[in-house]
Amino acid sequence: MIDKSPTCILPPADKSVWAPPLDERDLIVRLEAAGITASVARSQYGFRDVWSMAEAYLSRAQNHKSIEASETKKSSAIADYLKGMAFAVPLVSCCLVVLLLKVSLWGGSLTANEAAAIAIATIASFVVTGGFVQVIGRQGHFYKESQEWGLCARYCWLVVKAGFLALLACAFGGFLANAYFRWLPLPLFGWCAAFYIGIGAYLLISAVLYVLDAELLLALGTVLGSAIVVTLHLQLGIPLLISQSIGMTGAVGICVLLARFQFRSLGGQTSEPVRLPPLGRLAYVLWPYFIYGCAYYLFLFADRIVAWSARTQNSSLPLQFRGGYETALDICLFAFVLQVGWVHAGLARFYRMVITEQRRFHLSARHELRKAIFGFYRRQVLVFLSLFVVSTCAVLITIREIPALQALLVFRVVLFALAGTPLLALGLWNIALLFALSRPWLVLAAMGWAVLLNACAGYLLSRLFSYDLAIIGFDIGALALAGASTWFCRRLLSNFEYHYFAATV
Amino acid sequence: MTFASVFEFTRVLAAFLLVFLAVPLIGNGQMGWRRQSPGRKPALWIAVVLRAFVRASFAAEVACLLLGRATLCLPGLMLSGCLVCLMRGLWIANKRRSDLIGDGSRTFWQAWVAFRKGKRSPEARLRIGTVLSKFKSLSPASKLFLACIALVLLIEARVPLQQLHFDHADTYTRTVSLAALTQGQAWKVNGSVAFLAPLVSISGLNAISVIRFTGPILASVFALLIALCMWRVWHSWVAALTALLLFVWFSLSPAKTNWELLPGSIAIIYAVAAGAIWPHSRKDGLMAAATGFMIAPGEWIPAIACGLLVLSVLFSAWARPRLRMWVAAPLATSVLLGVVLVWLAQKPPFRAVQYESAARVSTTIGDEFHRNEWLVVSPFQELAFTYGQGWHSELSEFVLKFTPPQVSSPTFSFPYDSPHVFFFVERRPLLAGSPSLERKAIWRYAPAESRDPSAFLYGDPQGRASLEFRAAELLNAYAQSHRNLSIFYEDDDLVVYHLGQASNGS
């Protein structure tokens, strides 16, 4: 039998809007919404039924003060923006480790063939786990916001296991394909598979830590994994690939432990049985998001695959890692992080704005509401534009000021990639709105066209002219993504109140 | 015959069936397992299958000729083309099926749910059972027909399953051309290999294996088409079976000369296809004739064969209701037999151009060493085995470039960037172009060709002997002062030296 009171009768811990129950009936509704049926009330709380439970708890619940909307925690735009960039915390920590110690969790000073194998492993792991990461984020945040930590933990670990199994299955499929087409020599394929599984597991557990808002813990796991690599490789002289494999395993293990600890501290790792919704229902709801997750990473990496596989007749592998191309894109990644951070901030502002504007306008003033929504949309686009100008200038100045960097990258790729990043950021902002309005199908359509155009244009240009022109495929794809998603968004926003209501339902 | 060669043959056969039958059939929305097959009457499904083969061949030939000119005949485009075709077919078939599953086909998820429901329904089990029972309920004549086709394939494939080298110098040139085409390199147009490019991409094998195994497969297609024409002329399975058995007998008689197909022979296959499909569709008949023309543009025999076949099939169709069959059919039959004889006669006799051991060692090197990390110094024929996998240098260039005093210097090193260099030196210089590998064979070299230095070195017995002797002399001189040269392979005919050197970072 549980001693403590059910959480639904108390003000929420995150200080969101709450009012004490009006009467017993109100409290009964709240209890039943929280899953406390007559049998639960009897078996777990020792009451005859929900009515008697509500009678007992009513006075206690009414003693708490209500929390008005004005009192709720208001986060600043800067905080939201920083939160939006939090996905880059492991990247930043990896960069710092590389800058200080010249060794990273994966990659580094490798032979051309090893670099190609690790590049394939990295891309494959992102594409395969992309869908799982997306559905962990989607449903995991839902459970987190509902304070259902038991369900959240159960769900996250279930998807992590499924993702890991998918990684193994794809590795086996890759082994068969490699045996058939003879892309990589067997030892190299072994390293490729090992890194693919390691990086894939790291990405899966990263998604769980993001759900828990534990980016710092993720950074800690990453730094500790890097420390293992540094110790093994630099101190003990163990070959880099072996050190990185052990370091990667260590990082994943540490992150798993930290995630478990975090769940335990939040009350998610209890021995009480929690039942997830039927898997078929979850799959039905989440599969568009799963496809989007895979397609997004396919879009991000399509130009790399196309560029690295172009004109490889003289190389020892059918895919050649081209450092100049990769360095150029890595530099532009910083500009992208600076721009895409606003997607989260913009979305948070969107939800706040919608609530405010809905209160402001009467039912008959729908036209004014739409005007306000479009105004908000335009202001966000202007914010993206200004972030694009600032981040692009920063990247170009950095390249100009560091001559050693200029020798490492293909400048043409930098320019084209910088041109594509605002389009991608705008596309992602639109996608966030489309998801907010529960229109994943429109997202898939836009992303499908983007991937197709990216791959086709990049393939033709890289084969006909020069390998680095694959980046133009990225630009064309990003343009398609931004164009299609903007069109879909404008269509929905022009009838906003209907679509918002439909999404809420 | 090894398991590897059987597996390679299976891969080429599967790729051939996929590209020339499955993709065009599915791409057109024809799916037997969905009860969308044209029907059980041979006259119906034969026309559909033949049309699919002709259209796929025409599309592959035209597309690969155009893409090859733009150096874009690459595996990615080939696979994408096949995928697009399959997706189109699925889309067409789903549109046709919409009445079966209603609106459920609108989304992927709903289609999946409908599929799951359909799989569990007793109706679906009945359908799978019907498909299986279709195979079981084939008539003895049909089973015999299938067995004959399998027999033809087996007989035609028996030589390429055992030997790696080719019997005709032209096949090496075609192989190099196909390899260049599928590698996206500058390509001199060669219609006889263009339509085979999708097979290289889909089978995942190199050009040499595809050329080696498409000969038997195309020969089986030829036998099938002849049988089909006979069936069309006589309207009798017995006539078709007799034609097939006759072909088996023809194939068995000359043991070594009928597995490699030259462009003219391939063009005749499409000429026969044009004759077979003409009564059904003139457009497809013209497509088949055009494919044959593109494969062997300069040859007039296939064009004549095509015209005669079309005329005889048309005459037989016209005469059948007016005259007695025994009057109408013999003319067409004699034309068909004439085409078969021309087809057999088109194959030139065996001419030795490469030792089997040289072909096997080239393949072994390709299997054992990393891509582009090795170089073979040998006559031209090994280029067909190395193209796209490693580097190749002419033995004549090697011999003319270095001298024994130069290479015997301890400070000398060969200016090759590859970490592994293989020198193919013949112990018994091959009498290139002779009808057998025996030493006492009659020499058929034309003295006028000796004006060309490489023709002299490779073709003339004295030139070849001096070439091989000089190569051996150079390598012996090098080995006296260097330790990085070893024997990789040797037999009575051939020695392959392996030069291991530090990579210069190519």
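User: How many residues does the contact take from chain A and from chain B?
Analyst: In this predicted model, local features need pLDDT (the predictor's confidence in each residue, from 0 to 100) of at least 70, side-chain atom pairs count only at pLDDT 80 or more, and totals for chains, interfaces and linings use all residues. Residues are numbered from 1 along each chain as its sequence is written, chains are lettered from A and ligands numbered from 1 in the order in which they are written, and side-chain values use heavy atoms, with hydrogens and water left out. With contact meaning heavy atoms within 4.5 Å, the numbers are 21 residues from chain A and 22 residues from chain B.

User: What area do chain A and chain B bury between them?
Analyst: Buried area is the accessible area (1.4 Å probe) that two parts lose on being put together, summed over both. Carbon and sulfur atoms carry 56% of it, and the total is about 1800 Å².

User: Which residues in chain A lose the most area to chain B?
Analyst: Three residues together account for 33% of what the chain A side buries. They are Tyr180(A), Gln313(A) and Tyr459(A).

User: Which residue forms a salt bridge with Arg182(A)?
Analyst: A salt bridge requires a side-chain nitrogen of Lys or Arg within 4 Å of a carboxyl oxygen of Asp or Glu, and the count between chain A and chain B is one. The closest N and O atoms are 2.8 Å apart, and the partner of Arg182(A) is Asp367(B).
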